[in-house]
Amino acid sequence: MKKRSLRELPPAALDGKRALVRVDFNVPFKDGAVTDDTRIRAAVPTIAYLREKGARVVLLSHFGRPKGPDPKASLNQIVRDVERILGTPVEFIADPAIGVATSRRLPRGGVALVENTRFWPGEEANDPGFAQTLAALGDFYVNDAFGSAHRAHASTEAVARLLRPAVTGFLMEKELRYLGEALDQPRRPFVAVLGGAKISGKIDVIQALLPKVDEILVGGAMANTFFLAIGFQVGGSLVERDKEDLAKGLLAKAGAKLILPRGAVVAPSLARAAERQEVSSDHIPADCAVFDIDRPTRLDFRARILKAKTIFWNGPMGVFETPPFDEGTRAVGEALIEAGKRGATTVVGGGDSAAAVAGLEDKLSHVSTGGGASLEFLEGKPLPGVAALEDA
Ligand code: ADP
Ligand code: MG
């Protein structure tokens, strides 16, 4: 179902009005500093548009997983970063229950940030009372927090039912367009590349994608469980032995659609990278573990990706955090970019996958900011935070 977009609101609905905007400012934070401000920057188009149209902007977000009020989880700590990125002062509302006056005092184009919504138990309980408190801070609601849309919380779900108009922000709109339409009615061939640590977390994604895709290329530790299922030994590799039957079932169902790595980069341990070697998938040494896809596999995957018109990628091909085992993952990233240059639609989802292509976002059609949410969406599960918004 298509949702009403911020773009569709007439100027009069914006000018001088208070926009209550749910953003995802749940940024990585260490030793008092934001270590990656991607999520804040991702919200800029929506916030800048609202300011330009004369709206007063009140931002809502969660931050970490506090059990009640906790200075270490206060959004106060990121106000400076938000000010720097937006290029404007940001008022801090420490308690939504007494923030109405502040919201009304904001000048046109002014911005305020409300304290971490998870400080109040009503947030995760999706409590209508707490949602009403939040709703009082705005004249209309914009949800730009795709990464939080799979949770029915007061700031994502209940508030959207209370405060109308309730529309998608630009980031949310883009997520729905690429993860929804592009993958639902894909231009073919449609190739999915799946990797990462485990099959178990992604069974539903594989099941949901199988009938839609022309091919699924499997890498990462996920491939090891499939290797077991076809009778290959995997040495000391990360593998889910209890999922062997499940992998057998998926192989049978997928038939020729499922493409496994031809070979692997193996080593005795991550620390002993100098001893790494490339072996074919049916010759993984007992005293080694698989840490990446090998070169022949990179070439094979690249060729398949370059033939595709739509590519969806989730999950790294190896232990990409530890070079040189990042090479297979980087090769897939480069193949996607190359395919994009030739006109293909390229979509990347998943937290680690997004990290693997950091800095290359503008060379891909879409990099999803929502790890869990993007996978749940692909599985076909309705996202409560999206469902609660107005239909277009
Ligand atoms: P995403 O967050 O993109 O959905 P996952 O969380 O499923 O991806 O998987 C990412 C993790 O998988 C990374 O930490 C990476 O090191 C790990 N991984 C990938 N391949 C292997 C492998 N062969 N052995 C061990 N870990 C692997
Ligand atoms: Mg992950």
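The 18 residues around ligand 1 split into seven nonpolar, eight polar and three charged. Here Ala, Val, Leu, Ile, Met, Phe, Trp, Tyr, Cys and Pro count as nonpolar, Asp, Glu, Lys and Arg as charged, and the others, Gly among them, as polar. A residue joins this shell if one of its heavy atoms lies within 4 Å of the ligand, and those that come nearest are Lys-202, Val-290, Glu-321, Asp-352 and Ser-353. Bear in mind that this is a predicted model: local features need pLDDT of at least 70 and side-chain atom pairs pLDDT 80 or more, while totals for chains, interfaces and linings use all residues. Residues are numbered from 1 along each chain as its sequence is written, chains are lettered from A and ligands numbered from 1 in the order written, and side-chain values use heavy atoms, with hydrogens and water left out.

Ligand 1 also makes polar contacts (pairs of N or O atoms within 3.5 Å; within protein, one must be able to donate a hydrogen and the other to accept it, and residues adjacent in sequence count only if both atoms are side-chain atoms). Here are three of them.

| Ligand 1 atom | Protein partner | Distance |
|---|---|---|
| oxygen | Ala-197, polar backbone atom | 3.1 Å |
| nitrogen | Ala-221, polar backbone atom | 3.2 Å |
| oxygen | Asn-314, side-chain N or O atom | 3.3 Å |

On its own, ligand 1 has 580 Å² of accessible area, and the protein covers 82% of that (Shrake-Rupley method, 1.4 Å probe; for residues, only the protein chains shown count as cover). Strand E14 (289–293) and helix H15 (351–356) each give two or more residues to the shell, with H15 supplying the largest share, three residues. Helices (H or I, at least four residues) and strands (E, at least two) are DSSP runs, numbered from the N terminus.

E14 is also home to Asp-292, which is buried at a relative accessible area of 2%. Buried means under 20%, exposed over 50%, and partly exposed in between (1.4 Å probe, protein chains only). A polar atom of the Asp-292 side chain sits 2.9 Å from the backbone nitrogen of Gly-328.

Now for two helices. In H12 (residues 244–254), Ala-247, Leu-250, Leu-251 and Ala-254 are buried. They span an arc of only 100° around the axis (taken from the directions from the helix axis to the C-beta atoms), so they sit on the same side of H12. On the other side, Asp-245, Ala-252 and Lys-253 are exposed. Helix H8 (residues 154–162) is largely enclosed by the rest of the structure, because seven of its nine residues are buried.
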